[in-house]
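Here are a few exercises to work through with the model open beside you. Try each task before you read its solution.

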Amino acid sequence: MAKLFKKVLVANRGEIAVRIIRALREMAIDAVAIYSEADKSAAHVSLADEAYLVGPAPALESYLCIGKIIQIAKNAHVEAIHPGYGFLSENEDLAEACQKAGIVFIGPQPHLIRLMGDKVTSRETMMKAKVPVVPGSQEPIHSIEQAKKIAKNLEYPILVKASAGGGGKGMRVVKQERDLQKSIDAAERESQSAFGDKRVYIEKYLENPHHVEIQILGDLKGNVIHLFERECSIQRRHQKVIEESPSPFIDDALRKKMCEVAVRAAKTLKYQNAGTFEFLVDQKKKFYFLEMNTRLQVEHPITEMVTGVDMVKEQIRIAAGFPLSYQQKDIHQFGHAFECRIYAEDPLNQFLPCPGKITSYRIAQGPFVRLDSYMEPGCTIPVYYDPLIGKVCVWGPNRREAVLRLKRVLKEFVIHGIRTTLIFHRQVINIPNFVQGKYDTNFIDREFKITKKIPKQPLQDMVLSVAAIDAYKKRKKAITLVQQEYHVSPWLKQARSESMRKFNRGFL
Ligand code: ADP
């Protein structure tokens, strides 16, 4: 007989730690937080029932230290660990260390994390399961002759990709044979420094595809359901920035087929807990497996909004041995949801990270609005971690109403003290093709031109010319607000020094 946990450790920080702690609270489970020296006064620490210092600010000495985390978990007598996303969430060593320590890892089996965490082995696994994969090499590249042969067969353009890749790193588009060698070298170098693994392989570069992913949940009894799709084609540097569900691109027949394939693949793997099958869909609506993420996704809230399923609670219940709370027939897509990822980055300066102190803000709120964030007045967005401050999500009964709500919410939401990507989102969602749902993964490169047009001018003028042009015409009051939003924090001034610039580049 399954029994719910009494105490769970959240091995993460930021908005996702807050999200998980909230689910634990609602399930009457005690939440244990870990924090680095940079996060002493962070929201996830004050919200948890217990919190323990895990180490100094750098992630390698704190949030990535498996040994320290397991020790804290043992000392605090927790029964399970939720890894969130990022950090150790796709590290099979944490899952294995949990097993050894008799602690439940809230995620899939370690061998599946390993298998699906490598693009070459995950492609091979999916091919065996008769899932269509993006055409490409079946093993890492070991010589330039082999690479030339594969690329020629696939026909240029092709994509050189890191086998251990993630976050859009270690990827190079190659349009002609004479650029192949230098692209392989560059991808190998980037992959080695980001993942400590230089293996790269080749995929056909699909022209203007859509990124559509299917969310699945599997329990310990072998039951698997899907929670439909998310369209994630609004990307910058191959990284998602706005997501929506349902996808405006795929039709019901394709949706059904993709969901069936994902469920079948998960069953073949005997997959347990939450997972996402990412696909590329080409202009002819043929879909190809891209990769599987063996964890909770950043964009899970939009799936929660259209299905009504609390995915984090389901993850916890599954890990405790409960069967899925839903059968497939219980799951429906109802209405339409969007998510905008708000980063502490400067859209007016090549999206360089802009950590610092949030002096005040006006929160995104109103009917059918969700803000997942760790923002608090006076809180600091540290320089050490991912610059994601939070996610603004809206729901509407249909896409049109959801877009209108998103526009309203982004207009109202202001953050003072640091620069954020709010300004970017406000502009993207007003581009006519976005409003009509006509976009693919190259949409931002093709249609978001505004930052490129900005002439070099003093900061305040730039802000007025880009962010506040609307407000400028309408109300003086609004201008004051936008000026405040881009008030330069003392930290930011410091970040402008040459040494900090170098540091920021590394951070990107
Ligand atoms: P990562 O794991 O680094 O995020 P993915 O393989 O998930 O890399 O791809 C990220 C994004 O890069 C995709 O959503 C898509 O926009 C682009 N991409 C990846 N592979 C291809 C491809 N073969 N053809 C065209 N675009 C691709």
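**Exercise 1. Work out the strand order and pairing sense of the three-stranded sheet, then find its edges.**

Step 1. The order is S7-S6-S8, and this open sheet is antiparallel. Strands here are DSSP runs of E with at least two residues, helices are runs of H or I with at least four, and both are numbered from the N terminus. Two strands pair if DSSP finds at least two bridges between them.

Step 2. S7 (171–174) and S8 (200–204) each have a single partner strand, so one side of each has no neighbour in the sheet.

Step 3. On average, neighbouring strands are turned by 25 degrees against each other, direction ignored. Axes are lines fitted to C-alpha atoms, for helices over the stretch in contact, and angles run from 0 to 180 degrees between N-to-C directions.

A word on the source: this is a predicted model, in which local features need pLDDT of at least 70 and side-chain atom pairs pLDDT 80 or more, while totals for chains, interfaces and linings use all residues. Residues are numbered from 1 along each chain as its sequence is written, and side-chain values use heavy atoms, without hydrogens and water.

**Exercise 2. Follow the pairing of S6 with S8, and find which helices pack there.**

Step 1. Five bridges join S6 (residues 158–162) to S8 in the antiparallel sense. Pick out Ile158: its bridge partner in S8 is Lys204.

Step 2. Helix H7 (residues 144–154) packs on the sheet and touches S6 and S8, its direction making about 15 degrees with that of S8. Contact means heavy atoms within 4.5 Å.

Step 3. Helix H6 (residues 119–128) also lies across S6 and S8, but runs at about 50 degrees to S8.

**Exercise 3. Describe the surroundings of the ligand.**

Step 1. There are 23 residues around the ligand (a heavy atom within 4 Å). Lys119, Lys161, Gly168, His211 and Gln235 come nearest.

Step 2. Look for polar contacts, meaning pairs of N or O atoms within 3.5 Å. A polar side-chain atom of His238 lies 3.3 Å from a ligand oxygen atom. For a side-chain N or O atom of Glu278, the distance to a ligand oxygen atom is 3.4 Å.

Step 3. S6, S8, strand S12 (273–281) and strand S13 (287–293) are the elements giving two or more residues to the shell.

**Exercise 4. Work out the strand order of the five-stranded sheet.**

Step 1. The open sheet runs S3-S2-S1-S4-S5, with parallel pairing.

Step 2. S3 (50–55) and S5 (104–105) stand at the edges, each with a single partner strand.

Step 3. Five bridges join S2 (residues 30–36) to S3, and Ala33 has Ala51 as its bridge partner in S3.

Methods:
Polar contact = N/O pair within 3.5 Å; in protein donor to acceptor, adjacent residues only side chain to side chain.
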